[in-house]
Amino acid sequence: MKPLLIRQIFTMVKMPEKQHTLFERVGGEQAIAELIHDFYDRVLTDPGLKPFFKHTSIDKLRRMQHEFFSAALDGPITYTGRPLSHVHHGRGITKHHFALYVNHLLDTLRDCGINDQDVNEIIGRINTYADEITGDTGPTG
Ligand code: HEM
C-alpha cells in the first residue's frame, strides 16, 4: 500500500478527542478553590443568606464545599461531608433562599470566565439538589 493511502486511512479512523470532565474544563483544583472562595464571599455578604451561617465554621464550610463541588463536577475528589438533606434540614431554607444562592453561583461562574455551555451544565447539576436543601419532597412542593 502507498504511504499516502496509509496516512489517509489513519486520518479517517483517528480516535475521538478525549472528553474532559467539567472539573477539568473549569480549570481543576486550583480554579475550584478560587471559585468557591469568590462564591462564598458573595453568599456570606448577602443579607438574605448571611444569617443562616451565623454559627457555622466558615473554614470547614469552604473545605466541604470544595470537596462537594469537585465531586459534583466529576473531579477526582471524594465528598466526605454529611448528606445534604441532613445538613440543611430544619434550617428554614426556602426556594427563595435557594434561588439567591444559585444566582450567586451563576454570577461567580460567569465572572470566572467559564463558557455558557459549562455554566448551564453546572447550574443544572446544582439544581438537582434543590429538594434535598429545601426539604421539598412532595410533588406539589
Ligand atoms: C445546591 C445548593 C447547596 C449545596 C450543594 C450545599 C452544600 C453544602 C455542603 C457540602 C455543606 C457542608 C456539609 C458538612 O459540613 O458536612 C453545607 C453546609 C451548610 N449549608 Fe449548604 N448547600 C447548598 C445550599 C444552601 C443554602 C441555599 C443555604 C442557606 C440559605 C445553605 C446553608 C448551609 C449552612 C448554614 C451550612 C453549615 C451547616 C453547619 O454549620 O454545620 N446551603 N452546604
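A polar contact here is a pair of N or O atoms within 3.5 Å, and that cut-off will be of use at several stops of this tour through a predicted model.

**The ligand and its surroundings**

Begin by selecting K60 together with the ligand, where a polar atom in the side chain of K60 can be found 3.3 Å from an oxygen atom of the ligand. Add T56 to the selection, and you will find one of its polar side-chain atoms 2.9 Å from a ligand oxygen atom. Q65 is the next residue to pick, since here the partner is a nitrogen atom of the ligand, which is 3.3 Å from an N or O atom in the side chain of Q65. If you then widen the view to the whole setting of the ligand, 23 residues surround it, and the closest of them are T56, Q65, R82, H88 and R91.

Now centre the view on the iron atom of the ligand. Which protein residue serves as its donor? The only protein donor is H88, which approaches the iron through its NE2 atom at 2.0 Å. Colouring by helix will show that H88 belongs to α5, a helix that covers residues 84-88.

**T108 on helix α6**

Move next to helix α6, residues 95-111, and select T108, which is located there. Is T108 buried or exposed? Its relative accessibility is 0%, so T108 counts as buried. Two polar partners are worth displaying: the side chain of R42, with which the T108 side chain makes a polar contact at 3.3 Å, and the backbone oxygen of H104, which lies 2.6 Å from a polar atom of the T108 side chain. When neighbours within four places in sequence are set aside, the residues in contact with T108 are L35, D38, F39 and R42.

**The aromatic rings**

Keep F39 in view and turn to the aromatic side chains, among which the structure holds eight pairs. The rings of F39 and Y101 have centres 5.0 Å apart and planes at 75°, so this pair is edge-to-face. It links distant parts of the chain, with F39 in helix α3 (residues 28-45) and Y101 in helix α6, 62 residues apart. F39 counts as buried because its relative accessibility is 0%, and Y101 also counts as buried, at 16% relative accessibility.

Select Y40 as well, and you will see that Y40 and Y101 form an edge-to-face aromatic pair, with 6.3 Å from centre to centre and 75° between the planes. Because Y40 lies in helix α3 and Y101 in helix α6, this pair ties together parts that are 61 residues apart in sequence. Y40, like Y101, is buried. To see the wider arrangement, show F39, Y40, F53, F68, F69, Y79, Y101 and Y129 together, which ring pairs link into a cluster.

**The nonpolar core**

For the last stop, look at the largest nonpolar core, which has 32 residues, and highlight Y40, F69, Y101, L105 and L109, the members that touch the most other members. Two or more residues of this core come from each of the helices α2 (22-26), α3, α4 (58-72), α6, α7 (116-127) and α8 (130-134). Which element gives the largest share? That element is α3, with seven residues.

Finish by selecting F69 and the residues around it. Apart from neighbours within four places in sequence, F69 is in contact with I32, I36, F39, Y101, L105 and I126, and two of these names, F39 and Y101, will be familiar from the edge-to-face pair visited earlier.

Notes: Residues are numbered from 1 along each chain as its sequence is written. This is a predicted model: local features need pLDDT of at least 70, side-chain atom pairs count only at pLDDT 80 or more; totals for chains, interfaces and linings use all residues. Side-chain values use heavy atoms; hydrogens and water are left out. Donors are N, O and S atoms within 2.8 Å of the metal (3.2 Å for Na, K and Ca); water is not among the atoms, so sites may look incomplete. Helices (H or I, at least four residues) and strands (E, at least two) are DSSP runs, numbered from the N terminus. Buried means under 20% relative accessible area, exposed over 50%, partly exposed in between (1.4 Å probe, protein chains only). A polar contact is a pair of N or O atoms within 3.5 Å; within protein, one must be able to donate a hydrogen and the other to accept it, and residues adjacent in sequence count only if both atoms are side-chain atoms. Contact means heavy atoms within 4.5 Å. Rings of Phe, Tyr and Trp (its six-membered ring) pair if their centres lie within 6.5 Å; planes under 30 degrees apart count as stacked, over 60 as edge-to-face and the rest as tilted. A residue is near a molecule or strand if one of its heavy atoms lies within 4 Å of it. A nonpolar core is a set of buried Ala, Val, Leu, Ile, Met, Phe, Trp, Tyr and Cys residues joined through side-chain atoms within 4.5 Å.
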